[in-house]
Amino acid sequence: MEPFRYHVFICDQKKPEGVPCCEARGSAATIEALRKEVAARGLMDDVQITLCGSLGACERGPNLVVYPEGVWYSGVRAEDVPEIVESHFLHGRPVERLVNRDAAALRAEIQSNRAKMLAAQRAREAAGVLPDELNETLRGYMESRALLTALELDVFTAVGTGATAEEVARKLSTHARATEMLLNALASMGLLRKDGGVFQNAPATARYFAEGSKDNARPGVLHIANIWHRWSTLTDCVRAGTAVGSREIAERGNDWTESFIAAMHRNAGERAPLVVATVGTGGVERMLDVGGGSAAYSIAFAKASEKLHATVFDLPGVLPIAQRHISAAGLASRIDTRAGDLRRDHFGTGFNLVLVSAICHMLGPEENQDLLQRCSEALGPQGRLVVQDFILEPSKTAPKQAALFALNMLVGTEAGSTYSHEEYSAWMRQAGFARVRHVRLPGPASLMIGEKP
């Protein structure tokens, strides 16, 4: 069976530093060029590109194999890609200067490399050497911390269209030597490019982390830098059973609140259309958005139905941020705000839909039961409650991100965690909801939906 005219397998295996591999020889640039060129030539329906592990000719990568002919290419650089697409994919003529034609020699090379790899594995196993996967996990914080520091300092904006380490240091009022060390590390990670002494942003960092880009995500992801400091207390939190230090949003200052709500707004902006499409707006005239933050979900629901009016309920310090977004969306006449504490205040009555998004993980079980009871009291007959959160499987070991997020709540809250859909179902039924169901959505979070009789 040949569903595509050509099927390209291209190696992108990463090995420990110093060990020959396609990734170290620039396979990422070759893959990017191949995808772009195939798309530009209108060949996406004819050429299937699949990333794969080692093809065996590691010293001569990047390597790729083109089927159905089984043409093995080696040493394919990004600049070679247009020739391969033009000659081979469009006209059926392989690019001979890059093709391995001696099958016996190629087979012997692959077998030799395999034997070396297996011998190295046996030696490491016999010596009790820590596996690379564990080592990478242990040291993973290094790359994370380097990037977070760059974001805190606004390095990528300072680099702009190109700058030396000294120029960046002057813009940021940082130490020149230390700044160069950071920039070099970022370049080693592929986040910057260095030509001589001049640093430039990589395409991704220019798009997502530099001021002036329409897709600048820096204000939102700065919240992760705030979380970093909390995670440094994890050992003490495990011993204590709760967060150590300040827990409440109100105690963390305006900068923390702004970055937190910005992060939530960005996440909500991506997921809100999916949630609206899943939940629907039929029969919804009044919606309550509990802990609505930036009002992103209320805005999405209001845009989906001209009959819908929403109330965003949140802390006094958050509501000015919500009001800015509501005004910018031109929906001030249909979305209002109400200040209060979702842990204890009543929400009113007569709502058709109550949304509780990314809230329950901040609370303990008893607090969630109380919250969902007050949500039930706010709904009229046939009203619906929608909870969006990280929802665990019964074992509480999956999804992985939800299990890890439980630790995020341990270091940041008094009693918060992530919970299973069985726990949510029990709380919702006890609060008087029927037809409770778990709705899985793409991404780390999913929905629990219940209806009032």
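**Contacts, helices and salt bridges in a predicted model**

User: What share of the contacts in the protein with a separation of 6 or more comes from residues 24 or more positions apart?

Analyst: A contact here means heavy atoms within 4.5 Å. This is a predicted model, where local features need pLDDT of at least 70 and side-chain atom pairs count only at pLDDT 80 or more, while totals for chains, interfaces and linings use all residues. Residues are numbered from 1 along each chain as its sequence is written, and side-chain values use heavy atoms, with hydrogens and water left out. Among contacts with a separation of 6 or more, residues 24 or more positions apart account for 66%.

User: And how many helices and strands does the protein have?

Analyst: Both kinds of element are DSSP runs numbered from the N terminus: H or I with at least four residues for a helix, E with at least two for a strand. The C-alpha trace they sit in spans about 80 × 60 × 50 Å along its principal axes. The tally is 17 helices and 16 strands.

User: What percentage of the 453 residues of the protein count as buried?

Analyst: Buried means under 20% relative accessible area, exposed means over 50%, and partly exposed is in between, with a 1.4 Å probe and protein chains only. By that yardstick, the buried share of the 453 residues is 44%.

User: Let's look at α1. Where do its buried residues sit around the axis?

Analyst: Helix α1 runs over residues 27-40 and reaches 20 Å from its first C-alpha to its last, close to the 20 Å expected (1.5 Å times one less than its number of residues). Its buried residues are Ser27, Thr30, Ile31, Ala33, Leu34, Glu37 and Val38. The arc they cover, taken from the directions from the helix axis to the C-beta atoms, is only 165°, so they sit on the same side of α1.

User: Which exposed residues are on the face of α1 turned away from its buried side?

Analyst: On the buried side, the cover includes β1 (6-11), β2 (47-52) and α2 (81-90). The face turned away from it carries Ala28, Lys36 and Ala40.

User: Which residues are linked with Glu37 in a network of salt bridges?

Analyst: A salt bridge is a side-chain nitrogen of Lys or Arg within 4 Å of a carboxyl oxygen of Asp or Glu, and the structure holds 20 of them. Glu37 is one of the buried residues of α1. Its network partners are Arg41 and Glu86.

User: How many residues apart in sequence are the parts tied together by Arg218 and Asp154?

Analyst: These two form a salt bridge, with the closest N and O atoms 3.5 Å apart. Arg218 lies in helix α10 (residues 218-231) and Asp154 in the loop between α5 (140-153) and α6 (155-159), so the parts that the pair ties together are apart in sequence by 64 residues. Burial applies to both partners, Arg218 and Asp154. As for the number you asked about, it's 64.

User: Arg374 also has a salt bridge; about how far along the helix is Asp370 from it?

Analyst: The closest N and O atoms of the pair are 3.0 Å apart. Arg374 counts as buried at 5% relative accessibility, whereas Asp370 counts as partly exposed at 35%. Being 4 residues apart in helix α15 (residues 365-378), they're separated by about one helical turn.

User: Is Cys58 buried or exposed?

Analyst: Cys58 sits in the loop between β2 and β3. Leaving out residues up to four places away in sequence, it touches Lys15, Pro20, Cys21, Arg25, Asn63 and Asn113. Cys21 is 37 residues away in sequence and 4.8 Å away in space, C-alpha to C-alpha. With a relative accessible area of 8%, Cys58 is buried.

User: Ala295 has a positive phi; what is its relative accessibility?

Analyst: Phi of Ala295 is near 75°, positive in a residue other than glycine. Ala295 is in the loop between β8 (286-290) and α13 (296-304). It counts as buried because its relative accessibility is 0%.

User: Which proline is joined to Tyr67 by a cis peptide bond?

Analyst: Omega of that bond is about 20°. The proline is in the loop between β3 (64-67) and β4 (71-73). It's Pro68.
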